[in-house]
Amino acid sequence: MPDTTTATDLYARVQQFHAEQMQALDSGEFDRYANTFTEDGEFRHSPGRPAAHTRAGIAKELKEFHRERFAGEPVQRRHWFNMLNVQEQPDGTIHATFYVLAILSRLGERVPEIAPSCLVRDVLVVENGRLLTRSRRVDHDHLPPS
């Protein structure tokens, strides 16, 4: 029988990690967000865009994506994670699968836009006591899985 204390501690640790990670992203702190990945990390986030690799590549991709998508429009994005499933693997990695709603709010508009609904698959690792994302794959619900 699995040790529920250990499983609960790991679940809470992953939730806290995701909260810190996404608050960096939603604040537009793309370098800080990228630093939550391993140095050789991979981030596949949007259909039609290639995966970004390395911390520098992830930060660059996010800056370009936001510049292209919002063209200086003052928007606030929030990523809501739910239905988190955390599974420790025999090789020491942690697989986290969860649902995401990306909420987009525009200044002066009371009703936000949900854009998009996604399934996210992370491979997490612990390096020097710190939880990091080795890879993140985001599948948008309105499209066939990648």
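Me: Which residues touch the most other members of the largest nonpolar core?
Reply: This is a predicted model. Its largest nonpolar core has 26 residues, and those that touch the most other members are Val14, Tyr33, Phe43, Ile58, Leu62, Ile94 and Leu124.

Me: Which elements each supply at least two residues of this core?
Reply: Among the helices they are helix 1 (4–26), helix 2 (30–34) and helix 3 (55–70). Among the strands they are strand 1 (37–44), strand 3 (75–88), strand 4, strand 5 (113–127) and strand 6 (130–140). Helix 1 gives the largest share of the core, 6 residues.

Me: Take Phe43. What is Phe43 in contact with, leaving aside its neighbours within four places in sequence?
Reply: The contacts of Phe43 include Tyr33, Ile58 and Leu62, and these three are also among the core residues that touch the most other members. The rest of the list is Phe37, Ala51, Ala52, Arg136 and Val138.

Me: How do I read the sheet, and what is the order of its strands?
Reply: In general, strands of a sheet pair through backbone hydrogen bonds, in either a parallel or an antiparallel sense. Here 6 strands form an open sheet in the order 2-1-6-5-4-3, and the pairing is mixed. Strand 2 (52–53) and strand 3 are the edge strands, each pairing on one side only.

Me: In which sense do strand 3 and strand 4 pair, and over how many bridges?
Reply: Their pairing is antiparallel and runs over 12 bridges. As one example, Arg77 has Leu104 in strand 4 as its bridge partner.

Me: Strand 4 also holds Leu101. Why does Leu101 count as partly exposed?
Reply: The class between buried and exposed runs from 20% to 50% relative accessible area. Leu101 has 35% relative accessibility, so it counts as partly exposed. Together with Trp80 and Ile114, Leu101 forms a nonpolar patch on the surface, with about 330 Å² of accessible area for the three together.

Me: What should I read from the backbone angles, starting with the phi of Thr54?
Reply: Thr54 is not a glycine, yet its phi is positive, at about 75 degrees. Thr54 sits in the loop between strand 2 and helix 3. With a relative accessible area of 31%, Thr54 is partly exposed.

Me: And where does Met83 lie, and is Met83 buried or exposed?
Reply: Met83 is in strand 3. Its relative accessible area is 56%, so Met83 is exposed. Met83 also has a positive phi, about 55 degrees, although it is not a glycine.

Me: Which residues does the cis peptide bond join?
Reply: The bond is between Ala115 and Pro116, with omega at about -5 degrees. Pro116 belongs to strand 5.

Notes: Residues are numbered from 1 along each chain as its sequence is written. This is a predicted model: local features need pLDDT of at least 70, side-chain atom pairs count only at pLDDT 80 or more; totals for chains, interfaces and linings use all residues. Side-chain values use heavy atoms; hydrogens and water are left out. Patches are made of residues with over 30% relative accessible area and no salt bridge: like charges are joined within 9 Å, nonpolar side chains (Val, Leu, Ile, Met, Phe, Trp, Tyr) within 5 Å. Accessible areas come from the Shrake-Rupley method with a 1.4 Å probe; for residues, only the protein chains shown count as cover. A salt bridge is a side-chain nitrogen of Lys or Arg within 4 Å of a carboxyl oxygen of Asp or Glu. Helices (H or I, at least four residues) and strands (E, at least two) are DSSP runs, numbered from the N terminus. Buried means under 20% relative accessible area, exposed over 50%, partly exposed in between (1.4 Å probe, protein chains only). A nonpolar core is a set of buried Ala, Val, Leu, Ile, Met, Phe, Trp, Tyr and Cys residues joined through side-chain atoms within 4.5 Å. Contact means heavy atoms within 4.5 Å. Two strands pair if DSSP finds at least two bridges between them.
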